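Trainee: Please pick one part of this chain and take me through it slowly, then work outwards to whatever else deserves a look. I'm happy with bench language.

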Amino acid sequence: MRFYRPINRPQAMTFDLDDTLYDNRQVILTTVEKTHQALQAWHPRLANITPQDYDRVRLLVEQQRPEIVHDVTAWRQATLVSVIQRAGMNLDQAQAGAAEVMTVFHQWRSAAHIPEMTHRVLAELAAKIPLVAITNGNADAEQLGIAQYFTLVLRAGPDGKAKPCGDLYQIAEQHLRLAANTILHVGDDLITDVQGALVAGFQACWINDRQQNLITASSARVIPHLEISRLDSLTSLL
């Protein structure tokens with residue numbers, strides 16, 4: 001544990017999910033692979049669609065609807081609809097196909113392994129202070145088996161703009177009914193988590209479990225209150 005700024009004793013904590021509470025890297029790779037296979041299998045006209053084809057359409061959807069980047073689920077669904085339409089099918093067919101492919105996506109997206117340490121730490125913290133989850137992603141806390149630790153789960157898109165925008169932090173602060181500077185946000189991303197939390201007035205904890213260097217990290221814009229390499233370090237703050 002490394003401190004960079006004076007810190008108030010946290011009265012509540014907010015947590016990012018992906019790559020903060022569990023390793024999400026292989027889950028994403030598998031999910032993308034399985035989802036693309038489902039897309040190719042849905043109709044013969046889609047059998048030769050490549051990941052590069054999908055990515056090109058994804059960028060076009062972003063250009064046409066810039067606000068959609070705040071909801072990665074809606075962005076994926078809209079991209080699938082567009083890909084299927086471009087293969088020659090009508091809107092109804094495209095929406096039906098996208099819905100089926102998204103079912104496969106959701107099946108794999110929340111299949112992450114949650115380490116025992118994560119369960120132990122969250123249970124210990126939740127017994128002492130309220131916890132809120134704040135995610136830009138589309139993993140389901142219920143399916144992950146960790147929803148019971150949080151008094152609220154906030155997701156970019158349905159609940160507001162994605163981090164580092166302040167929407168989700170502000171909702172969490174209102175829900176907790178605490179001063180922002182008594183809330184500690186914990187996350188792995190130096191921009192969406194650390195910068196976003198600090199701009200919102202929260203205290204920020206960077207979880208650095210991949211041996212990055214804060215000084216040389218390309219995404220470092222601001223300094224967190226503290227840096228940890230293990231989640232269980234948080235229990236010593238209470």
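**From the tail end to the loops and helices**

Mentor: Let's start with Ser233, which sits in the segment after β7 (226-228). Keep in mind that this is a predicted model. Is Ser233 buried or exposed? With a relative accessible area of 19%, Ser233 counts as buried, because the cut-off for buried is under 20%. If you skip its neighbours within four places in sequence, Ser233 is in contact with Met1 and Ile228. So much for the tail; now for the loops.

Go to the loop between β2 and α1, where you'll find Asp19. Asp19 isn't a glycine, yet its phi is positive, at about 65°. As background, most residues other than glycine have a negative phi, and most peptide bonds are trans. Asp19 is also buried, with a relative accessible area of 16%. What does Asp19 contact, once its neighbours within four places in sequence are left aside? The list is Asn24, Arg25, Asp188 and Arg210. Take Asp188 from that list: 169 residues separate Asp19 and Asp188 along the chain, but their C-alpha atoms are 6.5 Å apart.

Asp23 belongs to the loop between β2 (12-15) and α1 (25-42) as well. Asp23 is partly exposed, at 41% relative accessible area. Its side chain makes a polar contact of 2.6 Å with the side chain of Arg25, and Arg25 is also one of the contacts of Asp19. Asp23 has a partner to check by distance, too: its C-alpha atom is 8.9 Å from that of Pro115, with the two positions 92 residues apart along the chain.

Two other loops have backbone features to look at. Between α7 and β5 there is Arg177, whose phi is positive at about 55° although Arg177 is not a glycine. Buried or exposed, in the case of Arg177? It is exposed, with a relative accessible area of 77%; Asp19, by contrast, is buried at 16%. In the loop between β4 (152-155) and α7 you come to Pro164. The peptide bond joining Lys163 to Pro164 is cis, with omega at about 15°.

Cysteines come next, as you'd probably ask about them anyway. How many disulfides does the structure hold? Zero. Cys165 is partly exposed, with a relative accessible area of 30%, whereas Cys205 is buried, at 1%.

Now turn to helix α8, residues 190-199. Why call α8 largely enclosed by the rest of the structure? Because seven of its 10 residues are buried. Those are Leu190, Thr192, Asp193, Val194, Gly196, Ala197 and Leu198. Among the elements that cover them are α7 (167-176), β5 (183-187) and β6 (203-207). The two ends of α8 are worth zooming in on. At its start, a side-chain oxygen of Asp189 comes to within 2.8 Å of the backbone nitrogen of Ile191. Just after the helix, Gly201 has a positive phi of about 95°.

Last stop: the packing of α2 against α3. Two packed helices are described by the angle between their axes and the distance between the axes. For α2 (residues 51-64) and α3 (residues 72-86), the axes come within 9 Å and cross at roughly 115°. That crossing is right-handed. From α2, the contact uses Tyr54, Val57, Arg58, Leu60, Val61 and Glu62. From α3, the residues are Trp75, Arg76, Ala78, Thr79, Leu80, Ser82, Val83 and Arg86. Sorted by class, this contact comprises eight nonpolar, two polar and four charged residues.

Follow the chain past α3 and you meet Ala87, in the loop between α3 and α4 (91-109). Neighbours within four places in sequence aside, Ala87 is in contact with Arg45 and Leu46. Arg109 is 22 residues from Ala87 along the chain, and their C-alpha atoms are 26 Å apart. Set that beside Asp19 and Asp188, which are 169 residues apart along the chain with 6.5 Å between their C-alpha atoms.

How values were computed:
Residues are numbered from 1 along each chain as its sequence is written. This is a predicted model: local features need pLDDT of at least 70, side-chain atom pairs count only at pLDDT 80 or more; totals for chains, interfaces and linings use all residues. Side-chain values use heavy atoms; hydrogens and water are left out. Buried means under 20% relative accessible area, exposed over 50%, partly exposed in between (1.4 Å probe, protein chains only). Helices (H or I, at least four residues) and strands (E, at least two) are DSSP runs, numbered from the N terminus. Contact means heavy atoms within 4.5 Å. A polar contact is a pair of N or O atoms within 3.5 Å; within protein, one must be able to donate a hydrogen and the other to accept it, and residues adjacent in sequence count only if both atoms are side-chain atoms. Axes are lines fitted to C-alpha atoms, for helices over the stretch in contact, and angles run from 0 to 180 degrees between N-to-C directions. A crossing is left-handed if the near helix is turned anticlockwise from the far one by less than a right angle, and right-handed if clockwise. Ala, Val, Leu, Ile, Met, Phe, Trp, Tyr, Cys and Pro count as nonpolar, Asp, Glu, Lys and Arg as charged, and the others, Gly among them, as polar. A disulfide is a pair of cysteine sulfur atoms within 2.5 Å.
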